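User: Please take a close look at the aromatic rings of this model. Tell me how they pair and what surroundings they have.

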Amino acid sequence: MQIILCDDANQVAAVAASWFQTLLAQKPQAVLGLATGSTPIKLYQQLIALYQQQQISFAKCSSFNLDEYYDIAAEHRNSYRSFMQNQLFDHIDIDPERTFLPSCSSQDNPRLVGQAYERQISTMGGIDLQILGIGSNGHIGFNEPTSSLNSRTRLKTLTEQTLKDNSRLFTKDEIQPTMAMTMGIATIMQARYILLLATGKSKAEAVKQMISGPVSANCPASILQMHQNAVVILDKEAASLIEEQSYLRNAANENQRLISRYGLNLGDL
Ligand code: F6R
């Protein structure tokens with residue numbers, strides 16, 4: 001696991017955006033794994049700015065989102081499809097036909113939807129770079145604590161903590177979905193690179209468990225300890241419980257030099 005310590009959320013976004021630039025310079029047809037939530041919004045703003053400055057193009061990319069609420073209309077203002085359109089897709093040159101979310105209505109068989117999503121990811125060649133946030137309970141995607149570390153895309157019931165964390169986005173008279181389709185932990189782990197972004201004090205404990213706790217289904221993000229190319233990008237508050245910070249800074253600088261020299265490792269999955 002590579003840990004990059006940043007001063008603030010703007011720097012977290014800038015560092016993450018530079019990974020996209022490196023990736024797309026090396027592989028313009030990259031397959032991107034995307035996330036919703038508050039954390040990646042600044043990253044998406046940076047990507048839009050880079051696109052407007054003609055420093056990056058998504059024209060040949062495809063994208064797969066981590067998750068989507070169960071049985072929510074794509075046009076609903078709180079669907080993750082709407083989030084992605086508003087925060088990113090409507091402002092860049094990605095082909096809308098190649099942006100995928102694991103949408104599942106009550107008319108669909110969730111098991112078949114999950115299997116089809118997995119097949120589609122494989123057909124496109126697998127995810128090159130997966131963006132993740134982290135829940136205050138250590139979830140990644142909507143793989144809540146106790147999720148199988150070997151899970152694949154499926155329907156998950158959200159925990160009270162997650163419902164509480166996300167309730168700010170729903171008005172009193174809107175029904176907040178309690179289930180979501182999510183990539184599984186094994187699906188996420190198959191990405192060639194993973195960038196997990198965390199900002200703010202509320203993530204500090206989950207970040208500590210992810211980095212230095214045991215690998216455990218109680219903190220699904222801890223599985224990233226087993227990934228060959230997992231990069232965790234933190235602001236000061238999210239990193240406040242992490243030890244050995246000077247070693248981590250040195251190691252991150254060395255890793256950056258290696259990537260500048262040899263490029264990303266985008267070989268076979
Ligand atoms: C979003 C997702 C979630 C969020 C996590 C953090 O697609 O899968 O795992 O990344 O809940 O959310 P924020 O960034 O809102 O704190």
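Analyst: A residue counts as buried under 20% relative accessible area, as exposed over 50%, and as partly exposed in between, using a 1.4 Å probe and protein chains only. The model is predicted, so local features need pLDDT of at least 70 and side-chain atom pairs pLDDT 80 or more, while totals for chains, interfaces and linings use all residues. Numbering runs from 1 along each chain as its sequence is written, and side-chain values use heavy atoms, without hydrogens or water.

Start with the ring pairs. A pair of aromatic rings is described by the distance of the centres and the angle of the planes. Here, rings of Phe, Tyr and Trp (its six-membered ring) pair if their centres lie within 6.5 Å; planes under 30 degrees apart are stacked, over 60 edge-to-face, and the rest tilted. That rule gives seven aromatic pairs.

One of them joins F64 and Y117. Their geometry is edge-to-face, with 5.5 Å centre to centre and 75° between the planes. F64 belongs to strand β3 (residues 62-65) and Y117 to helix α4 (residues 110-123), so named because helices (H or I, at least four residues) and strands (E, at least two) are DSSP runs numbered from the N terminus. The two partners are 53 residues apart, and the pair links distant parts of the chain. Both F64 and Y117 are buried.

Another pair is stacked: Y80 and F142, 6.2 Å centre to centre, 20° between the planes. Distant parts of the chain meet again, 62 residues apart. Y80 is in helix α3 (residues 80-87), and F142 is in the loop between β6 (129-132) and β7 (154-157). Y80 counts as buried because its relative accessibility is 8%. F142, at 4%, therefore counts as buried too.

Y80 and F142 also have company. Ring pairs link them with Y69 and F170 into a cluster.

Now the nonpolar surroundings. A nonpolar core is a set of buried Ala, Val, Leu, Ile, Met, Phe, Trp, Tyr and Cys residues joined through side-chain atoms within 4.5 Å. The largest core holds 75 residues. Those touching the most other members are F20, L43, L47, F58, M210, I233 and L234. Helix α1 gives the largest share, nine residues. A second, separate core has nine residues. Among them are the cluster members Y69 and F170, along with L101 and A180.
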